[in-house]
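Here is a quick walk through one structure, a few spots at a time. Have the sequence and the 3D view open as you read.

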Amino acid sequence: MVDLGKATVLVTGANDMVGLHVLTTLKRLGAQTVAVGDLHSDLGSLQYLENEIKRCRPELIFHVPAERYGIAVHREQPGTVYYESVTIFSHLLEAARQAGVKKLVNVLSNCVYPAAIPVPHREAEIWNGLPEATLIPHGMGRRMSLVHGAAYYTQYGLRTVSLVLASVYGPHDNFDAERAQVMGSMIRRFVTAADARVPRVMCWGDGTPTREFIHVHDAVHGILQAAVHYDANEPLNIGSQDEVSIRELTSVIARAAGYTGDIEWDPSRPGGRPRVCLDSTRMRELLPSWDLRTLEQGVADTVHWFRATGDGVRA
């Protein structure tokens with residue numbers, strides 16, 4: 001069992017929300033840490049990544065892809081999305097093998113799951129179909145890391161533990177109006193509207209799709225617990241299993257932001273997948289339990305952080 005407080009650890013995606021919180025938590029525990037930033041913004045930095053792995057020879061790597069794409073990027077740049085997803089993990093895993101790394105924690109988003117399986121999604125059903133059409137390039141690109149990791153364990157003994165996260169939000173999220181995911185985008189929109197006393201906010205879709213969210217502090221706690229306690233080839237879901245409609249989420253965010261104007265919906269704009277929720281039964285069975293924040297608590301915390309930091313875009 002790895003002792004995180006004494007281990008040498010490398011974290012990718014350390015300038016993004018999840019990677020940053022993984023890094024700061026490991027430092028607080030006493031780990032010797034090496035941070036690598038957003039590999040998606042410059043694939044030429046893959047050589048730097050490989051050199052850092054071989055230089056520091058970490059016992060453990062947390063691979064936290066920094067680019068969490070919004071709907072527009074998935075629709076407009078599918079080739080780039082797929083290429084980056086496959087290329088980065090391939091370079092990372094081979095460098096880890098050469099450096100004698102013992103374990104790699106591979107963080108995945110919930111878009112790896114097939115579109116047509118029952119909700120909440122169980123880990124055993126991850127190969128039972130393709131992801132939602134818009135998400136196939138990213139979902140399949142990242143899903144192939146399961147194959148790649150299992151093959152390297154069989155041949156070289158390098159263990160890859162893959163964790164599928166619910167939609168993560170919180171301080172240091174991406175609040176960019178064009179590239180943010182639903183939570184960051186809506187928090188920015190409603191805080192801005194509340195502060196400017198805008199009388200009306202327009203939201204995409206009809207508000208009926210449902211999503212599951214987990215605050216970044218809880219997601220990182222689950223990631224670190226899995227690094228210590230989980231060693232199987234099968235992926236493990238990390239989530240709250242609390243499903244909420246986008247319309248309900250909008251009300252929670254509006255209250256937290258202090259917005260009192262009208263909320264309208266544009267059904268001509270895409271709303272994404274009808275339902276997304278992970279089955280966290282195995283997480284609760286296999287990892288030590290902890291109390292997760294409620295959606296209301298997490299949104300209030302995030303709105304407060306967004307206001308306190310000003311713009312909040314990858315701050």
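H229 touches M1, L286, L287 and P288, leaving aside its neighbours within four places in sequence; contact here means heavy atoms within 4.5 Å. You'll find H229 in helix α7 (residues 216-229). Helices (H or I, at least four residues) and strands (E, at least two) are DSSP runs, numbered from the N terminus. H229 counts as partly exposed because its relative accessibility is 35%; buried means under 20% relative accessible area, exposed over 50%, and partly exposed in between (1.4 Å probe, protein chains only). From H229 to L278 it's 49 residues in sequence and 20 Å in space, C-alpha to C-alpha.

A word on the basics: this is a predicted model, where local features need pLDDT of at least 70 and side-chain atom pairs count only at pLDDT 80 or more, while totals for chains, interfaces and linings use all residues. Residues are numbered from 1 along each chain as its sequence is written, and side-chain values use heavy atoms, with hydrogens and water left out.

Now for the salt bridges, each a side-chain nitrogen of Lys or Arg within 4 Å of a carboxyl oxygen of Asp or Glu. The structure holds nine of these salt bridges, including the ones below.

| Pair | Closest N to O |
|---|---|
| E94 and R97 | 2.6 Å |
| R122 and E125 | 3.7 Å |
| R200 and E264 | 3.2 Å |

The R200 and E264 pair ties together distant parts of the chain, with R200 in strand β7 (residues 200-204) and E264 in strand β11 (residues 262-266), 64 residues apart. E94 and R97, by contrast, both sit in helix α4 (residues 78-99), three residues apart, about one turn of the helix. In the R122 and E125 pair, R122 is partly exposed at 41% relative accessible area, whereas E125 is buried at 15%.

What about R211, in strand β8 (residues 210-215)? R211 is buried yet has no salt bridge, and the nearest side chain of opposite charge, E243, is 7.3 Å away. (Lys and Arg count as positive and Asp and Glu as negative; His and the chain ends are not counted.) The side chain of R211 does reach the backbone oxygen of R273, at 2.7 Å. Leaving aside neighbours within four places in sequence, the contacts of R211 include D242, V244, G271 and P274.

Conventions: Polar contact = N/O pair within 3.5 Å; in protein donor to acceptor, adjacent residues only side chain to side chain.
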